[in-house]
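Okay, thanks for coming, everyone. I'll put the sequence and the structure up, and then we'll walk through some backbone oddities, one helix and a couple of pockets.

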Amino acid sequence: MTPAPTILVFDSGLGGLTVFREAAKARPDARFVFVADDAFFPYGGHGEAELVARVVPLMGELIEAHAPAIIIIACNTASTLVLPHLRGRYAVPFIGTVPAIKPACAASLTKRVSVLGTQATVTREYTRALIRDFANGSEVTLVGSARLAGFAEAELHGTPTEDAPIAKEIAPCFVETGGQRTDTIVLACTHFPLLASRFEKLAPWPVNFIDPAPAIARRLVELVGAPSTHEGAEPARIAFTSGKAPSPALAASLKQFGILL
């Protein structure tokens, strides 16, 4: 029997837990290592050269330490800015995370789609190129939030944000033009699905929120194959680059994702 692979999931913070959750469902037999570069969080606050200089050598250290069969970059910013450099430097296969604009525009019935991401993601040329290539006749509204990733992290730490600030951040996503309303919203930051239930509650009308994690999990299976057994492997491990010990509230949140400290 082929030994189960080690899969490294990397993010600037804890938003990548939404990707890890789907990946772990797809390969329950695998050994997972989740690395949060919280010492450099948030990535949106750093320039491209600074991020490349940070992440490329850090990834080399992680590859040496964990010998992963594949690495998931569970961060839109790192995927669009650093991933080409990582693929050029290391032989390990990488899976990136990009805004799910193509499937969102294909699925929209009203042809009114919003992309909710960090300010860095929605202003990036990469995102605009995806819209040019895959809008499929849809009107696409770009909405950048500087606060939602922090709200999601706070939720995991047991200090949820009140409804009003969240509602204010998502309000620009809901557009009505030509008698048609937004019916699809792309969650273009892996932190945002952590707040999906809050978004659904606070939405002024029902929409389809597109989470990239299931597609990433499918891509994982394409590259490393289906599980050889559906028996779970050892609990996933987590590492924080800051070296800080998680609070009891965060430890409880991590346990819900299947990560034990």
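Let's go straight to Lys111, which counts as partly exposed because its relative accessible area is 23%. This is a predicted model, by the way, so keep that in mind for everything I show you. Lys111 sits in the loop between H5 and E5. Its phi is positive, about 60°, even though Lys111 is not a glycine.

Ala67 is another non-glycine with a positive phi, this one about 45°. You'll find Ala67 in the loop that runs between H2 and strand E3, residues 70–73. Is Ala67 buried or exposed? Ala67 is exposed, with 57% relative accessible area.

One more backbone item. Going from Phe41 to Pro42, the peptide bond is cis, with omega near 0°. Pro42 belongs to the loop between strand E2, residues 31–36, and helix H2, residues 48–66. Remember Pro42, since it comes back when we get to the pockets.

Now helix H9, residues 163–170. Which residues of H9 are buried? Those are Ile166, Glu169 and Ile170. They span an arc of only 90° around the axis, so they end up on the same side of H9. Ala164 and Lys168 are exposed, on the other side of H9. And what covers the buried residues? The cover includes strand E5 (112–118), strand E6 (139–145), H8 and helix H10 (196–202).

Two other H9 residues are worth a look. Asp163 lies in H9 and is partly exposed, at 27% relative accessibility. Setting aside neighbours within four places in sequence, Asp163 contacts Arg198, Lys201 and Leu202. Ala104 is 59 residues away from Asp163 along the chain, and their C-alpha atoms are separated by 26 Å.

Pro165 is in H9 as well, and it is partly exposed, with a relative accessible area of 21%. The cut-off matters here: buried means under 20%, so at 21% Pro165 is counted as partly exposed. If you leave out residues up to four places away in sequence, Pro165 touches Arg147 and Phe151. From Pro165 to Ala215 there are 50 residues along the chain and 30 Å between the C-alpha atoms.

Just ahead of that helix is a loop, the one between H8 and H9, and Pro160 is found there. Pro160 is exposed, at 52% relative accessibility. Its contacts, again without neighbours within four places in sequence, are Ala154, Glu155 and Arg198. Pro160 and Ser253 are 93 residues apart in sequence, yet 12 Å apart in space, C-alpha to C-alpha.

Okay, over to helix H3, which is where Ser79 sits. Ser79 counts as buried, at 6% relative accessibility. What does its side chain have for a polar partner? A polar atom of the Ser79 side chain lies 3.2 Å from the backbone oxygen of Ile73. Beyond neighbours within four places in sequence, Ser79 is in contact with Ile73, Pro84, Gly96 and Thr97.

Gly96 takes us to the pockets. The largest pocket holds about 410 Å³ of space. It is lined by 19 residues, and the closest to its centre are Gly96, Val98, Pro99, Ala100 and Ala215. Which element gives the most to this lining? H11 does, with four residues. Strand E4 (94–95), helix H5 (101–107), helix H7 (125–134) and helix H11 (213–224) each supply at least two. By class, the lining of the largest pocket comes out as 14 nonpolar, two polar and three charged residues.

The second largest pocket has about 280 Å³ of space. Its lining has 23 residues, and here's Pro42 again: the closest to the centre are Pro42, Tyr43, Gly44, Thr118 and Ala149. Helix H3 (76–81), helix H6 (119–123) and helix H8 (148–156) each contribute at least two lining residues. The largest share, three residues, is from H6. How does this lining split by class? It has nine nonpolar, twelve polar and two charged residues.

So, to tie the threads together: the proline after that cis peptide bond is Pro42, and Pro42 is among the residues closest to the centre of the second largest pocket. Gly96, one of the contacts of Ser79, is likewise among those closest to the centre of the largest pocket. That's what I had, thanks.

Technical notes: Residues are numbered from 1 along each chain as its sequence is written. This is a predicted model: local features need pLDDT of at least 70, side-chain atom pairs count only at pLDDT 80 or more; totals for chains, interfaces and linings use all residues. Side-chain values use heavy atoms; hydrogens and water are left out. On a 1 Å grid over the protein atoms alone, a cavity is a set of points where a 1.4 Å probe fits but cannot get out, and a pocket is an open set with protein on both sides within 12 Å along at least five of seven lines; lining residues have an atom within 4 Å of a point. Grid points are joined across faces, edges and corners, and a volume is the space filled by probe spheres set on the points. Ala, Val, Leu, Ile, Met, Phe, Trp, Tyr, Cys and Pro count as nonpolar, Asp, Glu, Lys and Arg as charged, and the others, Gly among them, as polar. Buried means under 20% relative accessible area, exposed over 50%, partly exposed in between (1.4 Å probe, protein chains only). The arc is that of the directions from the helix axis to the C-beta atoms. Contact means heavy atoms within 4.5 Å. A polar contact is a pair of N or O atoms within 3.5 Å; within protein, one must be able to donate a hydrogen and the other to accept it, and residues adjacent in sequence count only if both atoms are side-chain atoms.
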